Amino acid sequence: QVQLVESGGGLVQAGGSLRLSCAVSGGTFSKYVMAWFRQAPGKEREFVAVISWSGGSTIYADSVKGRFTISRDNAKNTVDLQMNSLKLEDTAVYSCAADYFAEWGSRRQYSPHEYDYWGQGTQVTVSS
């Protein structure tokens, strides 16, 4: 059974930083493509970032590019999301997701419907 547990959310002022972490147990972590998604109140869940099996390749949503960094540690079975220069519109519940993908770069990796394994989510609130 695969379990994902996020941590690191909280309240931060605009312009500040937060680091989210997702710990994965079960399965073979290095075989998963890992992603972060977020969902703001009243909105659909949206793609934030995705990282390849080894961590050598990453893709970001335009809204976070240059501010957020996704990374993974295959020895510790963790994936992190470093969030800098936070904006009010970054307020959301952030969730990590995992799944197997046969190839890198498919648009399927941007869709939450393509991921079978999810964490419970962690709230990030950015205040003015």
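**Close-up views of a predicted chain**

**View A. Ser85 sits in the loop between strands E8 and E9.** Strands (E, at least two residues) and helices (H or I, at least four residues) are DSSP runs, numbered from the N terminus. This is a predicted model, in which local features need pLDDT of at least 70 and side-chain atom pairs count only at pLDDT 80 or more, while totals for chains, interfaces and linings use all residues. Residues are numbered from 1 along each chain as its sequence is written, and side-chain values use heavy atoms, with hydrogens and water left out. Ser85 has a phi near 50°, a positive value in a residue that is not glycine. With a relative accessible area of 41%, Ser85 is partly exposed. Partly exposed lies between buried, which means under 20% relative accessible area, and exposed, which means over 50% (1.4 Å probe, protein chains only). Accessible areas come from the Shrake-Rupley method with a 1.4 Å probe, and for residues only the protein chains shown count as cover.

**View B. Gly15 lies in the loop between strand E2 (10-13) and strand E3.** Gly15 is exposed, at a relative accessible area of 53%. Apart from residues up to four places away in sequence, Gly15 touches Ser85 and Leu86. Touching, or contact, means heavy atoms within 4.5 Å. Gly15 and Leu86 are 71 residues apart along the chain, but their C-alpha atoms are separated by 4.8 Å.

**View C. Asn77 is another loop residue with a positive phi, about 60°, although it is not a glycine.** The loop that holds Asn77 runs between strand E7 (68-73) and strand E8 (78-83). The relative accessible area of Asn77 is 27%, so this residue is partly exposed. Asn77 also appears in View D, where it is in contact with Val24.

**View D. Val24 is a residue of strand E3.** Its relative accessibility is 7%, so Val24 counts as buried. Leaving aside neighbours within four places in sequence, Val24 is in contact with Val2, Gln3, Leu4, Phe29, Tyr32, Met34 and Asn77. The C-alpha atoms of Val24 and Gly119 are separated by 8.9 Å, and the two residues are 95 residues apart along the chain.

**View E. Cys22 and Cys96 form a disulfide.** A disulfide is a covalent bond between the sulfur atoms of two cysteines. In this model it is counted as a pair of cysteine sulfur atoms within 2.5 Å, and by this rule the count is one. The sulfur atoms of Cys22 and Cys96 are 2.0 Å apart. Cys22 is in strand E3 (residues 18-25) and Cys96 in strand E9 (residues 92-99); the pair links distant parts of the chain, 74 residues apart. The torsion about their S-S bond is about 55°, so the disulfide is right-handed. Both Cys22 and Cys96 are buried.

**View F. Ile51 belongs to strand E5 (residues 46-51).** Ile51 has 1% relative accessibility, so it counts as buried. Among the residues that Ile51 touches, not counting those up to four places away in sequence, are Val33, Met34, Ile70, Val79 and Trp104. Met34 is also in contact with Val24. The C-alpha atoms of Ile51 and Gln109 are separated by 9.6 Å, with their positions 58 residues apart along the chain.

**View G. Val126 is found in strand E11 (residues 122-127).** Val126 is buried, with a relative accessible area of 6%. Beyond residues up to four places away in sequence, Val126 touches Val12, Gln13, Ala14, Leu86, Lys87, Leu88, Asp90 and Thr91. One of these, Leu86, also touches Gly15. Val126 and Asp99 are 27 residues apart along the chain, and their C-alpha atoms are separated by 29 Å.

**View H. The whole chain, for orientation, has 11 strands and zero helices.** The radius of gyration, taken over C-alpha atoms, is compared with the globule rule, 2.2 Å times the number of residues to the power 0.38. For the chain it is 14 Å, close to the 14 Å given by the rule for 128 residues, so the chain is as compact as a globular protein of that length. The C-alpha trace spans about 40 × 25 × 25 Å along its principal axes. Of the 128 residues, 45% are buried. Among contacts with a separation of 6 or more, 59% are between residues 24 or more positions apart. The chain exposes about 6500 Å², of which carbon and sulfur atoms supply 46%.
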